[in-house]
Amino acid sequence: SPEGGLGCCDVPEWQSVAFPTGVPKSRSPTCGVGIVWRVARAPGVPNDILVVDAFDPNSTAAEADLRQGDILSRVDGIDVIGMPVPSVAENIFGPVGTPVTLTLLRGGLGGQIVIVQLERRETTSTR
């Protein structure tokens, strides 16, 4: 199953989206937060949603209050539910060492709100 590959725009083929391990080399000045996202569908949502699948053990995501199954709701205050996956990725990626605040929903779209602040780091993980 293909992972990552932001150059790929055919979202239905994505089974999981690896941030940052799937980043093309041309994007090397930026990085993500070490979370592997699973792409899912939700009734009434126009595009896919991203769900936490796993995270790099060396990332700030591993140190944060994240759980498998958490749904990404906001990135730095920007609502990303229903946003196309490549657009969500653009909001997650940023310069190494910069902070990013993620708002997640635990227990479904109407679930508990969890807010975590992470630092964008390069990763050595190759999932």
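In this predicted model, the second largest cavity holds about 40 Å³ of space. A search of the whole structure finds 2 cavities of 30 Å³ or more. The second largest cavity is lined by Asp48, Ile49, Leu50, Leu72, Val80, Met83 and Val88. In this lining, 6 residues are nonpolar, none is polar and 1 is charged.

The protein chain contains 2 helices and 9 strands. Read from the N terminus, the elements follow the order β-β-β-β-α-β-β-α-β-β-β. Of the 127 residues in the protein chain, 46% are buried. When contacts between residues at least 6 apart in sequence are considered, 51% of them join residues at least 24 apart.

The largest nonpolar core has 21 residues, and the members that touch the most others are Ile35, Trp37, Leu72, Leu102, Leu104 and Leu118. At least two residues of this core come from each of strand 3 (35-40), strand 4 (49-55), strand 5 (71-75), helix 2 (85-92), strand 8 and strand 9 (112-119). Another core, of 7 residues, lies apart from the largest one and includes Ala42, Val45, Ile49 and Ile71. Two residues named in these cores also belong to the cavity lining: Leu72, from the largest core, and Ile49, from the core of 7 residues, both line the second largest cavity.

The surroundings of Leu118 were examined in further detail. With neighbours within four places in sequence left aside, Leu118 is in contact with Val33, Ile35, Thr60, Ala61, Ala64, Thr98, Pro99, Val100 and Leu102. Among these partners, Ile35 and Leu102 are also listed with Leu118 as core members that touch the most others.

Strand 8 also holds residues that are not nonpolar. Thr103 lies in this strand and counts as buried because its relative accessible area, 12%, is under the 20% cut-off. Beyond its neighbours within four places in sequence, Thr103 is in contact with Ile71, Leu72 and Ser73, as well as with Arg74, Ile113, Val114 and Ile115. Of these partners, Ile71 is a member of the core of 7 residues, whereas Leu72 belongs to the largest core.

Arg106 is likewise placed in strand 8, which spans residues 99-106. A relative accessible area of 10% is under 20%, so Arg106 is buried. The side chain of Arg106 is joined to that of Asp70 by a polar contact of 2.8 Å. Not counting residues up to four places away in sequence, Arg106 touches Asp65, Leu66, Arg67, Asp70, Gly111, Gln112 and Val114. Val114 is thus named as a partner of Arg106 and also of Thr103.

A further arginine, Arg120, is found in the segment after strand 9. Arg120 is also classed as buried, because its relative accessible area of 6% falls under 20%. The side chain of Arg120 reaches two backbone oxygens: that of Asn91 at 3.3 Å and that of Pro99 at 3.1 Å. Pro99 is also in contact with Leu118. From C-alpha to C-alpha, Arg120 and Pro95 are 6.9 Å apart in space, while 25 residues apart in sequence.

Note on methods
Residues numbered from 1 in each chain as written. Predicted model: local features only at pLDDT ≥ 70, side-chain atom pairs only at ≥ 80, totals over all residues. Heavy atoms only, no water. 1 Å grid on protein atoms, 1.4 Å probe; cavity = no way out; pocket = protein on both sides within 12 Å on 5 of 7 lines; lining within 4 Å. Points joined across faces, edges and corners; volume = space filled by probe spheres on them. Nonpolar A, V, L, I, M, F, W, Y, C, P; charged D, E, K, R; others polar. Helix = DSSP H or I, 4+ residues; strand = E, 2+ residues; numbered from the N terminus. Buried < 20%, exposed > 50% of the residue type's maximum accessible area, 1.4 Å probe, protein only. Polar contact = N/O pair within 3.5 Å; in protein donor to acceptor, adjacent residues only side chain to side chain. Contact = heavy atoms within 4.5 Å. Core = buried A, V, L, I, M, F, W, Y, C linked by side-chain atoms within 4.5 Å.
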